[in-house]
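Trainee: I'm new to this structure and would like a close look at a single part. Could you take me through the stretch around one helix and the aromatic pairs, step by step?

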Amino acid sequence: MDQRQSPTDDFPALDEARFIPPTAGALTPSRRFDHPPRFLLLYGSLRERSYSRLLIEEADRLLRRMGGETRIFDPRGLPQPDGVEPDHPKVAELRALSLWSEGHVWCSPERHGAMTGVFKSQIDWLPLESGGVRPTQGRTLAVMQVNAGSQSFNTVNQLRVLGRWMRMLTIPNQSSVAKAYDEFDEAGRMKPSAYYDRLVDVMEELYRFTLLTREIAGPLVDRYSERRAPEVQIRL
């Protein structure tokens with residue numbers, strides 16, 4: 001028997017016309033971006049002194065210090081999902097920012113062992129598909145949480161699940177700040193600490209991953225199943 005021919009060489013269920021074996025050449029950027037990396041930052045509390053917002057603002061400063069362009073979305077006034085039409089101004093703003101971005105930073109307080117409803121509502125307004133466009137697919141993501149008490153990782157774990165569901169490239173590092181009320185001064189700036197050092201680590205890693213992937217996001221997340229469905233048009 002010819003050893004090169006075996007039952008494993010037969011793929012009756014495979015659509016050969018749509019099957020494209022990955023190659024290094026396919027991941028060579030076809031275009032180069034001349035603009036700085038673009039980041040959308042989301043937080044999950046409406047309190048006047050919101051520690052998730054303060055942590056996001058510190059992340060924003062660091063990303064801009066590295067040379068990035070940033071936008072922080074203010075969730076005040078965002079309706080509950082499905083409560084209004086998607087053309088609502090706050091919904092339209094959020095979706096437009098997601099399409100503009102090349103990376104995201106998500107931060108939510110942990111409440112009752114989970115992310116807040118304020119944060120989840122923002123993600124629920126970002127569908128997997130909208131008019132043939134994937135609002136989040138292929139974008140990088142860093143996840144963070146703030147805690148009122150001891151350190152926990154429930155929320156960042158949930159955010160990772162959300163990131164996978166939204167087809168994002170979630171970086172390995174993350175930030176979880178315990179007793180957040182002790183980590184910021186009266187002006188709302190984060191104090192020097194191991195938590196601040198970790199925040200810098202996370203933003204550096206996000207910036208690097210975004211530089212590495214933003215120009216190849218299309219082929220990097222290209223899917224055989226979607227190539228078999230020509231009516232699904234993906235534009236990143």
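Mentor: Here is a walk through helix H2, what covers it, and the aromatic pairs.

A word on the ground rules. This is a predicted model, so local features need pLDDT of at least 70 and side-chain atom pairs count only at pLDDT 80 or more, while totals for chains, interfaces and linings use all residues. Residues are numbered from 1 along each chain as its sequence is written, and side-chain values use heavy atoms, with hydrogens and water left out.

Let's start with H2, which runs over residues 89-100. Helices here are DSSP runs of H or I with at least four residues, strands are runs of E with at least two, and both are numbered from the N terminus. H2 has 12 residues and spans 16 Å from its first C-alpha to its last, close to the 16 Å expected at 1.5 Å a residue. That expected span is 1.5 Å times one less than the number of residues.

Now, which residues of H2 are buried? They are Lys90, Val91, Leu94, Arg95, Leu97, Ser98 and Trp100. Buried means under 20% relative accessible area, exposed means over 50%, and partly exposed is in between, using a 1.4 Å probe and protein chains only. The cover over these buried residues includes strand S1 (38-43), strand S2 (69-72), S3 and H3. Glu93 also sits in H2, but Glu93 is partly exposed, because its relative accessible area is 35%. If you go looking for Pro22 from there, Glu93 and Pro22 are 71 residues apart in sequence and 36 Å apart in space, C-alpha to C-alpha.

S3 and H3, both part of that cover, bring us to the aromatic pairs. There are three of them in the structure, and I'll show you two. Rings of Phe, Tyr and Trp (its six-membered ring) pair if their centres lie within 6.5 Å; planes under 30 degrees apart count as stacked, over 60 as edge-to-face and the rest as tilted. Tyr51 and Phe184 form a tilted pair, because their planes are at 35°, with ring centres 5.9 Å apart. This pair links distant parts of the chain, 133 residues apart: Tyr51 is in helix H1 (residues 51-65), and Phe184 is in the loop between strand S6 (175-177) and helix H5 (194-213). Tyr51 is partly exposed at 21% relative accessibility, whereas Phe184 is buried at 3%.

Trp106 and Phe119 make an edge-to-face pair, because their planes are at 65°, with centres 5.7 Å apart. Here Trp106 belongs to strand S3 (residues 103-109) and Phe119 to helix H3 (residues 117-124), 13 residues apart. Trp106 is buried at 0% relative accessible area, and Phe119 is buried at 0% as well.

Between S3 and H3 there's a loop, and Thr116 lies in it. Thr116 counts as buried, because its relative accessibility is 2%. Leaving aside neighbours within four places in sequence, Thr116 is in contact (heavy atoms within 4.5 Å) with Gly44, Ser108, Pro109 and Arg111. His112 is found in that loop too, but His112 is exposed at 83% relative accessibility.

One last thing about backbones. Most residues other than glycine have a negative phi. His112, however, has a positive phi near 55°. Lys179, in the loop between S6 and H5, also has a positive phi, near 40°, and Lys179 is partly exposed at 42%.
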